[in-house]
Protein chains: 2
Amino acid sequence: MSKQADLPLGCCSPVVREPLSIDEVRRPAQMFKALGDPIRLRLLSMISSHEDGEACVCELTGFTVTGPTISHHLKVLREAGLIEGERRGTWIYYRVLPGPLTTLAALLHAQQPATVMA
Amino acid sequence: MSKQADLPLGCCSPVVREPLSIDEVRRPAQMFKALGDPIRLRLLSMISSHEDGEACVCELTGFTVTGPTISHHLKVLREAGLIEGERRGTWIYYRVLPGPLTTLAALLHAQQPATVMA
DNA sequence: CTGATGATTAGATGATTGTCAAGATAGAAA
DNA sequence: TTTCTATCTTGACAATCATCTAATCATCAG
């Protein structure tokens with residue numbers, strides 16, 4: 001406490017205004033890392049923008065890489081906790097988990113210096 | 001034209017509801033990648049939470065790695081466009097650039113499946 | 001069961017990354 | 001100038017990563 005620099009206002013919320021410890025930073029860093037690849041970011045975008053918020057792997061096309069590589073990237077996103085997959089018959093459907101992304105977005109807001117307020 | 005990713009607005013909203021192209025995804029991916037390392041995320045946190053929103057390199061301590069390594073990570077953050085450094089006399093001060101982080105946060109909101117929409 | 005299709009896993013390889021030691025650069029002080 | 005301090009750059013190395021091919025798993029249709 002004591003450290004609450006005048007809050008953001010601008011947008012949102014109860015912001016962490018202290019340096020994050022190495023432990024606090026580990027999981028979000030893994031998530032950001034998962035987002036730090038053009039193919040993976042595009043996959044996420046394709047899944048979340050798809051009808052019903054889920055997409056069959058067979059619809060995740062248009063890349064220059066092979067199927068197994070797509071599979072690998074989906075696994076990275078999955079292990080980071082950003083998406084989940086479910087098999088329904090022949091096909092496997094992926095959907096984006098909303099919670100983690102919200103957490104990351106809040107973390108970024110928290111990193112904003114409280115500029116321009118006054 | 002046409003594709004202007006209009007930003008934030010309140011909270012969740014005029015969301016890009018189309019899959020992002022590889023080109024649109026390249027720069028944000030570079031930024032997420034820069035955030036995808038525990039040391040760099042902690043550095044960002046230390047800088048933004050520091051008084052006046054800026055911190056001297058000499059204050060960015062408490063890591064297990066050497067000076068040059070810190071310098072390397074600062075360079076990655078700088079080249080990703082997330083921070084900027086300025087020399088004032090003997091010391092170099094870094095500060096977090098608010099714009100890019102806002103853009104990334106908005107992008108994450110955009111990736112949220114539009115749950116709860118009535 | 002056999003064959004066909006969708007998706008993941010295993011193993012190999014070239015590229016990228018994180019790290020350090022050593023040298024270089026910028027400014028302040030003597 | 002020279003010296004000292006603060007920070008960055010270079011060069012090298014091991015570890016990690018993205019990608020491929022080939023093999024395997026899961027499901028459905030005969």
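**Notebook: two chains and a DNA strand**

I began with the contact between the chains. It takes 37 residues from chain A and 37 residues from chain B. I noted which elements of chain A give two or more residues to the side touching chain B: helix 1 (22-35), helix 2 (38-49), strand 3 (91-96) and helix 4 (98-111). Then I sorted that side of chain A by class. I found 20 nonpolar, 10 polar and seven charged residues. A reminder to myself: this is a predicted model.

**Entry: symmetry**

How is chain A superposed on chain B? A rotation of 180° does it, with 0.0 Å of shift along the axis and an RMSD of 0.0 Å. The two copies are therefore related as by a two-fold rotation axis. I looked for the C-alpha of chain A nearest that axis. It belongs to A:Ala105, and the distance is 2.2 Å. Next I compared the two sides of the interface. Of the interface residues of chain A, 97% are also interface residues in chain B, so the copies meet through the same surface.

**Entry: the fold of chain A**

I turned to chain A by itself. I counted four helices and three strands. Read from the N terminus, their order is α-α-β-α-β-β-α. Chain A has 118 residues, and 36% of them count as buried. I also checked how far apart in sequence the contacting residues lie. I took the contacts in chain A between residues at least 6 apart, and 62% of these join residues at least 24 apart.

**Entry: the hairpin in chain B**

I looked at strand 2 (residues 83-88) and strand 3 (residues 91-96) of chain B. They pair in the antiparallel sense, over six bridges. Which residue of strand 3 is the bridge partner of B:Arg88? I found B:Trp91 there. Two residues sit between the strands of this hairpin. I checked the backbone at B:Gly89 too, and its phi is positive, near 70°.

**Entry: DNA strand C**

Last, I went to DNA strand C. I listed 24 residues around it. The closest come from both chains: A:Cys58, A:Pro68 and A:Ser71, with B:Val65 and B:Thr69. I then asked which elements give two or more residues to this surface. From chain A they are helix 3 (67-79) and strand 3. From chain B it is helix 3 (67-79). Helix 3 of chain A gives the most, with six residues. By class, I noted 11 nonpolar, 10 polar and three charged residues near DNA strand C.

Key. Residues numbered from 1 in each chain as written. Chains lettered and ligands numbered in written order. Predicted model: local features only at pLDDT ≥ 70, side-chain atom pairs only at ≥ 80, totals over all residues. Buried ≥ 20, exposed ≤ 12 C-beta atoms within 10 Å, placed from the backbone. Contact = placed C-beta atoms within 7 Å. Nonpolar A, V, L, I, M, F, W, Y, C, P; charged D, E, K, R; others polar. Near = placed C-beta within 6 Å. Pairing = 2+ DSSP bridges. Least-squares fit on C-alpha atoms with pLDDT ≥ 70 in both.
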